[in-house]
Amino acid sequence: TGAYLNRVYGHIPSYYWFYHFYAFLAGITDEAHDSDVGNENSGMANQWLSGALTPAFDPTGDTYTALWGGIYDANVFLENIDNANVTTGNLKMRFKAEAQLLRAFYYSELIKKYGPLPYVDKPFDSKFDYSQLTRPTFQEVTNMIVKDCDEVISNTALPMRITSANERGRMTRAIAYALKSQVLL
């Protein structure tokens, strides 16, 4: 069960610290200057300045596939956690909260880049008719993310913060508060 939860965590994108050729996004804003401008034509900042970035070439990477993979794995986990062989109820509740918060996080990242997408909270079976999915409003997706965050916040099995070095990087209620705040803004 813990190993499958790690799989849900495994979809967190690495794009928070570098993008195309290890460039920072700040180099294509007024926040910073990329030192490769004028020196490296294939760098993201040069491509941004010359208008070479297109929907087909996104230097931030293929986050769409990774984030949907995380949502799928979170939904599979949440669908099966109640029947999992986890010895303590508190640990089971904590695992459930972590997966639910990861799903909310993945959706928040998707709506930033692609706008509102269908909020799926159950794994699809092989016979699912995808044409039934409709694009919700941004508010509807926001409401679902906030609902997930509120459920995680009310789950006392999830710690407010991590105090042990071997648990660094795991979800907490503080992250749920932060995510909820960010989505509502």
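**A walk through an all-helix model**

Read from one end of the sequence to the other, the protein follows the pattern α-α-α-α-α-α. Its secondary structure amounts to six helices and zero strands. The model is a predicted one. Of the protein's 185 residues, 42% count as buried. Among contacts with a separation of 6 or more, 64% join residues 24 or more positions apart.

A convenient place to start is helix α4, which spans residues 89–114. Three of its pairings are described here in turn, with α3, α5 and α6.

The pairing with α3 comes first. The two helices pack at an angle of about 155°, and their axes are 9 Å apart. α3 and α4 are therefore roughly antiparallel to each other, since an angle over 145 degrees counts as such. The crossing of α3 past α4 is left-handed. On the α3 side, the contact is made by Thr63, Tyr64, Leu67, Trp68, Gly70, Ile71, Ala74, Asn75, Phe77 and Leu78. On the α4 side, the contributors are Phe95, Lys96, Ala99, Gln100, Arg103, Tyr106, Tyr107, Glu109, Leu110, Lys113 and Tyr114. Sorted by class, this contact of α3 with α4 has 13 nonpolar, four polar and four charged residues.

Helix α5, residues 138–153, also packs against α4 at about 155°, with the axes 9 Å apart. That angle makes α4 roughly antiparallel to α5. Their crossing, too, is left-handed. From α4 the contact takes Ala97, Gln100, Leu101, Arg103, Ala104, Tyr107, Ser108 and Ile111. From α5 it takes Phe138, Val141, Thr142, Ile145, Asp148, Cys149, Glu151 and Val152. The residues of the contact of α4 with α5 divide into 10 nonpolar, three polar and three charged.

The third pairing is with α6. Here the axes come within 11 Å and cross at roughly 25°. α4 and α6 are therefore roughly parallel to each other, because angles under 35 degrees are classed that way. This crossing is left-handed as well. α4 contributes Leu101, Ala104, Phe105, Ser108 and Lys112, while α6 contributes Ile175, Ala176, Leu179, Gln182 and Val183. By class, the contact of α4 with α6 has seven nonpolar, two polar and one charged residues.

Several of these residues reappear in the nonpolar interior. The largest nonpolar core has 36 residues, and those with the most contacts inside it are Leu5, Val8, Phe77, Leu101, Tyr106, Ile145 and Leu179. At least two residues of this core come from each of α1 (2–9), α3 (63–80), α4, α5 and α6 (173–184). The largest share, 11 residues, is supplied by α4.

Two of the residues with the most contacts inside the core, Tyr106 and Leu179, can be followed individually. Leaving aside residues up to four places away in sequence, Tyr106 touches Val8, Tyr9, His11, Ile12, Leu67, Gly70 and Ile71. Of these, Leu67, Gly70 and Ile71 are also among the α3 residues in the contact with α4.

Leu179 lies in helix α6. Its relative accessibility is 6%, so Leu179 counts as buried, the cut-off for which is under 20%. With residues up to four places away in sequence again left out, Leu179 touches Leu101, Ala104, Phe105, Ser108 and Cys149. Cys149 is one of the α5 residues in the contact with α4. Leu179 and Val146 are 33 residues apart in sequence, and their C-alpha atoms are 8.4 Å apart in space.

A charged residue of α4 is also worth following. Arg103 has its place in helix α4 and takes part in the contacts with both α3 and α5. At 6% relative accessibility, Arg103 counts as buried. Beyond residues up to four places away in sequence, Arg103 touches Ile71, Ala74, Asn75, Leu78, Tyr119, Val120, Asp121 and Asp148. Within that list, Ile71, Ala74, Asn75 and Leu78 belong to the α3 contact, and Asp148 belongs to the α5 contact.

A residue with another degree of exposure closes the tour. Gln139 lies in helix α5. Gln139 is partly exposed, with a relative accessible area of 48%. Its C-alpha atom is separated by 8.3 Å from that of Pro116, 23 residues away along the chain.

Conventions:
Residues numbered from 1 in each chain as written. Predicted model: local features only at pLDDT ≥ 70, side-chain atom pairs only at ≥ 80, totals over all residues. Heavy atoms only, no water. Axes fitted to C-alpha atoms, helices over the stretch in contact; angles between N-to-C directions. Helix = DSSP H or I, 4+ residues; strand = E, 2+ residues; numbered from the N terminus. Parallel < 35°, antiparallel > 145°, perpendicular 65-115°, else oblique. Left-handed = near helix turned anticlockwise from the far one by under 90°. Contact = heavy atoms within 4.5 Å. Nonpolar A, V, L, I, M, F, W, Y, C, P; charged D, E, K, R; others polar. Core = buried A, V, L, I, M, F, W, Y, C linked by side-chain atoms within 4.5 Å. Buried < 20%, exposed > 50% of the residue type's maximum accessible area, 1.4 Å probe, protein only.
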